[in-house]
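Please open the model in your viewer and keep the sequence panel visible beside it. The tour below proposes a series of selections and says what to look for at each stop.

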Amino acid sequence: MITRRKLIANTLKGMAALSLPAAAFEILTPDRLNAIIYNDPAKVRYVFLVDTNKCVGCGLCVKACKNENEIPYDANVTRTWVERYIITRDERHEVLEKVFADSPKGARDGFITGQIDLGHGNIYMPKKEDIDKAFFVPKLCNQCDNPACVQVCPVGATYQADDGVVLIDRKWCIGCGYCVMGCPYGVRFFHPVHRVADKCNFCYHRIKKGMKTACVDACPFGARLIGNYKDPDDAVTRIINTKRVGVLKEEFGTRPQVFYLGLSMEVR
Amino acid sequence: MMVHGEAWTIKELFTYPNEYIYWSIQIVMYPFMTGLVAGAFVLSSLYHVFGIKQLKDIARFSLVFSFALLPCAPLPLLLHLQQPLRNMHVMMTPHFTSAIAAFGIVFVTYGAIVAAELWFLYRKHFVETALALKNKADKSAYETVMYHVNNLLTLGAHDISELALHRDERAIKIMAGIGIPVACFLHGYAGFIFGSVKANALWMTPLMPVIFIMSAVVSGIALCMITYIVTMEGRKFLAKRKAAACPGESCAEIESVEVNVIRMTAKYLLGFLVAAISLELLDLIFRGYTAVKSWDMLRRVIYGKDFYNIFVFQYGLGNLVPFILLLIPGLTIRRAVVGTLLVLLGVFMMRWNVVIGGQAFSLTFAGFMHYHLPIIPHDMETFREGLFGALFIIGSPYVLFFILNKIMPVFGMKESH
Ligand code: SF4
Ligand code: SF4
C-alpha cells in the first residue's frame, strides 16, 4: 500500500536520482565548443570595410551573394544590397535639399535608370541639374560586437562565434521573427525555402577556408574588403585604425563591425 | 517566389529590401488573448482576495473562463511561428537573455496556480458528484464518464467535513493572492517583449508593460461582463420557457442579480480604464514633448497614416464612448453590452496599433509599410496569419468554456463561503 507520505518521499528521491546523471554532462555553449574544436580561436575577429567612394552601384556583389548563398534569385529578400542616395535641390517642396533613396530588388541588377520608385506606382525622375550629390552605399550584416539579434533569440539559434561572426542554426530556429524585429539594420529575413531566419554571415564557409567573401571577390572596384581586426598588419585593420571611418546607427549600442569610408549624414 | 510577409505588406518610399511586416495579426492576437486571461483572473481575485462581496457571482464565472482562455493565449504564437513543430525548443534550450525564452515557464506557473485555485473551489462539487453518481443504479454512458472524471478530479481527497472545507477556502484565498502578481507578470511580460525591442522606435518604452497590464485588466473585465450577460440572458430565456413546469429560479430573480453584478463590475472596469488611458496619453505626450529623432516619423504615423485607427477607433469609439456609456448612472444591460463590446474593440485596436503600427514605418525613417490583412486564404500561410486564423483563436475559448462548464458548473451552485 502506497501512502501519500511514501509517494512524496519516493518522488523526491527519484527526482534526485534523475538529476545526478544530468549533472554529469556539461552544457557547452557554441563559444566553448568552438574553442575546443579550433585550438585558439581568439586570433581572428572578422571585420568588413566598405569604401563608398568606389562603389558605382553595379550590383555585381548582390548577384554573387545570391548565387553563392542560395537565396532564391527572384525572391525579394537579399543578404546584401546597395542603396542609392540622391540629394536634390527641389524647388517644388520649397526646401533647400531633398533626399531620395532607393534599392530596387536590392540593386541585384544594378541601377540602370535615373528613376526612383516612390511606391504606390509613383515614379520620380530628378532632373540632372537639380542633383547636388549622389552616391551608393552597400549594406550587409554588421556582425555586431553587441548583437541585438543574439540577445533576443529565445532558443539560442542565433549565436556569435568567437571570431565575431553571428550565425544562425537552421535546424534549431523556430522562426519566431524576434531577431528580425530586433536588428536595427533590417538585414534579417525569412529564407523562402528553409523557412528560418537568414542573413549575411560573411560567407562563413569561404572565410573559414581562407577565401574572401563572394561579394568581395565580385566587386570590380574594390569597394568591399574583409579583414581580421586582431591582426595589426592586416590592410583593412590599418585603414580602420588610421583613416576616418564611420559605422551605421551606432546609437543602438550594437557596436557594428562593418566600417565605412565616405559615409554621409543622409545615409539611413 | 513569395517571401514571408510579402503577401500582406505594401511598401512606400524608401524601405530596406528585407523589411516586411513580419509580426502580423497573430501577434496582435497574442497580447489580446493573454490580456483577457490576466484580466479575467484579476476580476475573480477581487472577490476571493479583497472580499468584494458584490462580485461573488461573477468571480467563479470569471475564474473558470480565465482557465478556458488560458490554453488559447499561446496559440497565436504557435500559429505565427515559421517552424511551429519546433516550439518545444523554447523549453529545451531557453536562451534567457531573450524576453520570449521564459514564456513557457511563466505561462505554466500561472496555469498551475489557476488550476490549483479551481481545484480547491470545486473539490466539494467533485466529491459530491462522484458520490451521487457512484450510488446511482444503471448509469448512462455519459454519467459513467462523468463519474470517472469527477472521481479522478477529487485526487483521492474525499474529506468534505466543515474543517476541510474551511481549509480549502484558505487555500483559495492564498492561490488567488499569489495569482494576482503572477497574472500581472504574465501580461506585463507580454508588454516587455515589445517594450524591449530597441530597434523599434514605437515599442521601446519602459511604460509598455504597465500599459499592457492596465488594458489587459480592462479587456478581461469587459469580456467577462459580456459573456456573463450572454449566459444570464440564455438562462433567463430557459427559465421563461420552463417557468410553468418547474418553479425554480424566476426571471425576475435572475434579472436583478444580473443588473447588480454588472453595475458593480462596471465600476471596476471604469477605474482600470482611466488608469490605462492616462498611461497611454502620458506616453504620447512624453514622446511629442521630448521629440527625439524618431518622433518625426512617429508623428507622421500617429497623426497621419494611423489617425483613424488610433484616435477614432481606439481612443474615440474604444475608450471615450464606452467611458461615457458606463459612467451615466442607472446602467442598463443593453447599455452595458454596447459599452463592453466597444471597450473590447478599443483594447483590440490598441494591440493592433502597437503591433501593426510599430511596423508601419521603416527602420530607415524614410518610408512606410502598409498592412493588408489576408481575408480569403489561398494557402496555409494566409490562413494562419489571416482573418480566419484570428477568428479561430477568438472562438476556441468558448468551446473550451462549454466543456469546462460541464465539469465545473459555473451557475446554480450553493456557495460554501
Ligand atoms: S547587423 Fe543585425 S543581424 Fe547583424 S549582428 Fe548586428 S543586430 Fe545581428
Ligand atoms: S527567428 Fe529563429 S533565429 Fe530568429 S529569434 Fe526566432 S528562433 Fe532565433
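What follows is a walk through ligand shells, cores, buried helix residues and aromatic rings.

This is a predicted model, in which local features need pLDDT of at least 70 and side-chain atom pairs count only at pLDDT 80 or more, whereas totals for chains, interfaces and linings use all residues. Residues are numbered from 1 along each chain as its sequence is written, chains are lettered from A and ligands numbered from 1 in the order in which they are written, and side-chain values use heavy atoms, with hydrogens and water left out.

Begin with ligand 1 and display the 13 residues around it, of which C141(A), C144(A), C149(A), C183(A) and R188(A) come nearest; a residue is near a molecule if one of its heavy atoms lies within 4 Å of it. This shell has nine nonpolar, two polar and two charged residues, where Ala, Val, Leu, Ile, Met, Phe, Trp, Tyr, Cys and Pro count as nonpolar, Asp, Glu, Lys and Arg as charged, and the others, Gly among them, as polar. Move next to ligand 2, whose surrounding residues include C153(A), C173(A), C176(A) and C179(A); its shell divides into eight nonpolar, three polar and no charged residues.

Now select F48(A), Y178(A), F202(A), W23(B), M33(B), Y110(B) and W203(B), which touch the most other members of the largest nonpolar core, a set of 190 residues. Such a core consists of buried Ala, Val, Leu, Ile, Met, Phe, Trp, Tyr and Cys residues joined through side-chain atoms within 4.5 Å, buried meaning under 20% relative accessible area, exposed over 50% and partly exposed in between (1.4 Å probe, protein chains only). Helix α1 (residues 25-48) of chain B gives the most to this core, with 16 residues; helices are DSSP runs (H or I, at least four residues), numbered from the N terminus. A second, separate core of six residues includes V47(A), L49(A), V236(A) and F259(A).

Select F194(B) in helix α7 (residues 162-195) of chain B, a residue that counts as buried at 1% relative accessibility. Not counting residues up to four places away in sequence, F194(B) touches W23(B), I27(B), P31(B), W203(B), M208(B), F212(B) and V355(B), contact meaning heavy atoms within 4.5 Å. Then take V354(B), in helix α12 (residues 333-355) of chain B, which is buried at 10% relative accessibility and, its neighbours within four places in sequence aside, is in contact with L202(B), W203(B), M208(B) and F212(B).

Which residues does N150(B) contact, leaving aside its neighbours within four places in sequence? Select N150(B) in helix α6 (residues 141-153) of chain B, and its partners appear as F126(B), T129(B) and A130(B).

For the last stop, turn to the rings: the structure holds 34 aromatic pairs over all chains. The centres of the F307(B) and Y308(B) rings are 5.9 Å apart and their planes stand at 90 degrees, so this pair is edge-to-face. Rings of Phe, Tyr and Trp (its six-membered ring) pair if their centres lie within 6.5 Å, with planes under 30 degrees apart counted as stacked, over 60 as edge-to-face and the rest as tilted. F307(B) is partly exposed, at a relative accessible area of 33%, while Y308(B) is exposed, at 57%. Ring pairs link these two with W295(B), Y303(B), F311(B) and Y315(B) into a cluster.

How values were computed
Helix = DSSP H or I, 4+ residues; strand = E, 2+ residues; numbered from the N terminus.
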